[in-house]
Amino acid sequence: MPESSTQTGKLRLVLADQLSRPLASLSDIDKQNDLILMAEVRTEVSYVKHHKKKIAFLFSAMRHFAKELQNDGYRVRYVSYDDPDNAGSLKAEVERAMSELSFSHVVVTFPGEWRVLDDMQSWQAAFVAYNATVEIREDDRFIASLDEFRHWADGKKQLRMEYFYRELRKKTSVLLQDGEPEGGRWNYDAQNRKSLPKGTKVPNPTMFEPDDITTQVLELVGTEFEDHFGELSNFHYAVTREQALQVLKGFIQERLVLFGDYQDAMQQDEPWMFHSHISFYLNAGLLTAHEVITQVEHAYREYNFPLNAVEGFIRQVLGWREYVRGLYWHEMPKYVDQNFLNAQRHLPDFFWTGDTQMNCLSQCINETKQNAYAHHIQRLMVIGNFLLLTGIEPKQVQEWFLLVYGDAYEWVELPNVNGMILFADGGVMASKPYAASGAYINKMSNYCQSCAYKVKDKNGESACPFNYLYWDFLARNQDKLRGNQRLSMPYRTLEKMDDAKRQLIASDAESFFHKLERNEKV
């Protein structure tokens, strides 16, 4: 993609997750003199071996965004992954542009990962030969600034999402009526937990045929990233803002009405369910939180969509998404190293293959391989629940979640893994570990009906492993968890068990762990 030979003004770096016109680093751009730099660099796709579809999505979306900017008269320097002059990192590409084009002022929007910010903060000193100024601007695409979160968190012993969510509802006047929450309640989570009735038809996701740009990217990814996790076939994702808006429209028209009832439900061979499928596009910048919240609230006010659906969705975007970002930056860099439960076991090999007799895990992992996507209950209460109960070492879990999902960036992945899934932060995020037996999975899905194990069996070789692993988890972590008030009931149940029952649980768990260690099929 060519650029003008006369280079004055500022160099404006746009990252792969900043594909937004209303971007702080582009807000005052001079079309005549400034240059936008975008680069597909090795360091960003190899620090973990990202899912093939994630790389393809981002490369294609980046190329489409650069083309749109050029068509609108902006000067763009785009460095493709297979460019023979590709310097391999953001820092090296910025320096190459400064060297070749005589820029001395770099403008970039605050990144989404600590490691990138840490690198950027060293650039000005590293570029002293160019008399460089490196300007890092706040990412104002989020509804809450990082300073707002710090101010809210200051002095609090517990940083619960629910209360931050309420503050943002008040700030934005979303779902408020005369200053009070719609329907008289802030949260309708209790109405978001229905299992899917048999025979319910799930709409197909909004799909797009790959165009020439995407086809070229798929060929590149298939060649360059053959050893990465995931499947590349059947790529159907939005790669432009226009397409992302169509996905949002399809969600509101086809799935939102039942999203509230069934957002926690899981179904055999139905990875998409009634979810919005917009997290790819929100987190990459093709959509903004403001507009999706506005459109969903409009569906409630103008068309009387169910409040439990509208509030449940808005809670995910205005609540969880804003909260986890604030928590990430508030707790970093120490957050990445936390391991409250001292989990040390290695990630099982079947997390890369999906080859397990546990049907719920097989479904969720294989769908992740196919789609670079699984919905939040699959991630938390099937995959995450297993990782928690078996005591998998947090950094291995962090890496797995970061590389397998197309919407994963460390700011959103790390708090969800260390806080929600593993309780590795000791309760900074969640009030209790999200541990559950097979009964929960059986209630919220039909996975158990096609499983080699029996969810009704509590012990023995035929028993669902989640059943005895749940009690073994509580037993081996009781020194740290026994005082948690939200776990008082299961601990009372554990205390009432006789020695024979406790020994049976321990024996089943030990046998299961031996199979994992020997890489036997479980």
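1. S362, which sits in helix α15 of this predicted model, counts as buried because its relative accessibility is 15%, and the cut-off for that class is under 20%. The side chain of S362 reaches back to the backbone oxygen of G354 at a distance of 3.4 Å. When residues up to four places away in sequence are set aside, S362 touches G354 and T356, so that G354 appears both as a contact of S362 and as the residue whose backbone oxygen the S362 side chain reaches.

2. H51 is placed in the loop between α1 (42-46) and α2 (52-71), and with a relative accessibility of 0% it counts as buried. A polar atom of the H51 side chain lies 2.8 Å from the backbone oxygen of K369. Apart from its neighbours within four places in sequence, H51 is in contact with F229, G230, E231, T368, K369, A372, L403 and V404; K369 is thus one of the contacts of H51 as well as the residue that supplies the backbone oxygen at 2.8 Å.

3. The packing of helix α16 (residues 376-390) against helix α23 (residues 499-517) can be described by an angle of about 105 degrees and a separation of 12 Å between the axes. The two helices are therefore roughly perpendicular to each other, given that angles from 65 to 115 degrees fall in that class. On the α16 side the contact is made by F386, L389 and T390, and on the α23 side by F512, F513 and L516. By residue type, the contact of α16 with α23 divides into five nonpolar residues, one polar residue and no charged residue.

4. Aromatic side chains deserve a separate point, since the structure holds 39 aromatic pairs. In one of them, the rings of F59 and F225 have centres 6.4 Å apart and planes at 70 degrees, so this pair is classed as edge-to-face. The pair links distant parts of the chain, with F59 in helix α2 and F225 in the loop between α8 (212-224) and α9 (241-254), 166 residues apart. Both F59 and F225 are buried.

5. A stacked aromatic pair is formed by W272 and Y373, with 4.9 Å from centre to centre and 15 degrees between the planes. This pair, too, links distant parts of the chain: W272 belongs to the loop between α10 (256-262) and α11 (279-284), Y373 belongs to the loop between α15 (359-371) and α16, and the two are 101 residues apart. W272 counts as buried because its relative accessibility is 10%, and Y373 is likewise buried, with a relative accessible area of 5%.

6. One aromatic cluster is formed by F350, F351, F386, W400, F401, Y405, F466, Y468, F512 and F513. This cluster should be read together with the helix packing in point 3, as F386, F512 and F513 are members of the cluster and also take part in the contact of α16 with α23.

7. Some backbone features merit inspection. The peptide bond from M332 to P333 is cis, with omega near 5 degrees, and P333 lies in the loop between α13 (307-331) and α14 (350-353). N234, although not a glycine, has a positive phi of about 60 degrees; N234 is found in the loop between α8 and α9, and with a relative accessible area of 55% it is exposed. D269 is another residue other than glycine with a positive phi, near 60 degrees; D269 is found in the loop between α10 and α11 and is exposed, with a relative accessible area of 56%. The loops concerned recur in the aromatic pairs above, since F225 lies in the loop between α8 and α9 and W272 in the loop between α10 and α11.

8. A last point concerns K496, which lies in helix α22 (residues 488-496). With a relative accessible area of 71%, K496 is exposed, the cut-off for that class being over 50%. K496 and E297 are 199 residues apart along the chain, and their C-alpha atoms are separated by 49 Å.

Note on methods: Residues are numbered from 1 along each chain as its sequence is written. This is a predicted model: local features need pLDDT of at least 70, side-chain atom pairs count only at pLDDT 80 or more; totals for chains, interfaces and linings use all residues. Side-chain values use heavy atoms; hydrogens and water are left out. Axes are lines fitted to C-alpha atoms, for helices over the stretch in contact, and angles run from 0 to 180 degrees between N-to-C directions. Helices (H or I, at least four residues) and strands (E, at least two) are DSSP runs, numbered from the N terminus. Angles under 35 degrees count as roughly parallel, over 145 as roughly antiparallel, 65 to 115 as roughly perpendicular and the rest as oblique. Contact means heavy atoms within 4.5 Å. Ala, Val, Leu, Ile, Met, Phe, Trp, Tyr, Cys and Pro count as nonpolar, Asp, Glu, Lys and Arg as charged, and the others, Gly among them, as polar. Buried means under 20% relative accessible area, exposed over 50%, partly exposed in between (1.4 Å probe, protein chains only). A polar contact is a pair of N or O atoms within 3.5 Å; within protein, one must be able to donate a hydrogen and the other to accept it, and residues adjacent in sequence count only if both atoms are side-chain atoms. Rings of Phe, Tyr and Trp (its six-membered ring) pair if their centres lie within 6.5 Å; planes under 30 degrees apart count as stacked, over 60 as edge-to-face and the rest as tilted.
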